[in-house]
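I opened this notebook to record what I looked up in one structure. The entries follow the order in which I took up each topic.

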Amino acid sequence: MKMNKPGRTGPARILDAYKYSLKGLRAAWRHEEAFRQESMLALIMLPVAIWLGTNASQRSILIITVVLVVIVELINSAIEAVVDRISTSHHPLSGQAKDIGSAAVMLSLLLCASCWTMIAVERFL
């Protein structure tokens, strides 16, 4: 059995992880329209969350739900990339994986919309 050399550790590993994360964000921005749309919407919604929320708890909920949508979209995009890398031909499991990823995005959007609606209703009514 061949032993793998250990990877970098400490601050060097953290720096590598940071670089890989930036590379992933750039790839998502270049190749994923939904990620670009949700990111642009997040840039608008995050300052509004500060204004709309009347306390730290409400502001946190508003911010967390917006960021959660972007995170789930990144995971969905990763699933789609892996499925497409394996094969572009139609297979029921490939379709199922993509559909489940899409459902996760939809649920995160519904969660975000419901939290924003409840907080907005409480503030204005």
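Which residue forms a salt bridge with E33? I note beforehand that the model is predicted.

**Entry 1: salt bridges**

I found that the partner of E33 is R36, with the closest N and O atoms 2.5 Å apart. Both residues belong to helix 2, and because they are three residues apart there, about one helical turn separates them. I then looked up their accessibility. E33 is partly exposed, at a relative accessible area of 42%, and R36 is also partly exposed, at 22%.

I counted three salt bridges in the structure. Another of them joins the side chains of K98 and D84, at 2.6 Å from N to O. K98 is in helix 4 and D84 in helix 3, so this pair ties together parts that lie 14 residues apart in sequence. I recorded K98 as partly exposed, with 26% relative accessibility; D84 is partly exposed as well, with 37%.

The side chains of R8 and D16 also meet in a salt bridge, with 3.1 Å between N and O. Here I noted that D16 counts as buried, since its relative accessibility is 16% and the limit for buried is under 20%.

**Entry 2: the nonpolar core**

I next turned to the largest nonpolar core, which has 13 residues. The members that touch the most others are M45, L52, L62, V66, C112 and W116. I asked which elements give two or more residues to this core. They are helix 2 (33–52), helix 3 (56–86) and helix 4 (92–124). Helix 2 gives the most, with five residues.

I then followed V66 through its contacts. Leaving aside residues up to four places away in sequence, V66 touches A42, M45, L46, C112 and W116. As general background, I noted that nonpolar side chains tend to be buried together in soluble globular proteins.

**Entry 3: cysteines**

As C112 had appeared among the core residues that touch the most other members, I looked up its sulfur. How many disulfides does the structure contain? The count comes to zero. C112 is in no disulfide, and the nearest cysteine sulfur, that of C115, is 7.3 Å away. A disulfide requires sulfur atoms within 2.5 Å, so the 7.3 Å between the sulfurs of C115 and C112 is too far for a bond.

I closed by checking whether these two cysteines are buried or exposed. C112 is buried, with a relative accessible area of 7%, and C115 is buried too, with 13%.

Conventions: Residues are numbered from 1 along each chain as its sequence is written. This is a predicted model: local features need pLDDT of at least 70, side-chain atom pairs count only at pLDDT 80 or more; totals for chains, interfaces and linings use all residues. Side-chain values use heavy atoms; hydrogens and water are left out. A nonpolar core is a set of buried Ala, Val, Leu, Ile, Met, Phe, Trp, Tyr and Cys residues joined through side-chain atoms within 4.5 Å. Buried means under 20% relative accessible area, exposed over 50%, partly exposed in between (1.4 Å probe, protein chains only). Helices (H or I, at least four residues) and strands (E, at least two) are DSSP runs, numbered from the N terminus. Contact means heavy atoms within 4.5 Å. A salt bridge is a side-chain nitrogen of Lys or Arg within 4 Å of a carboxyl oxygen of Asp or Glu.
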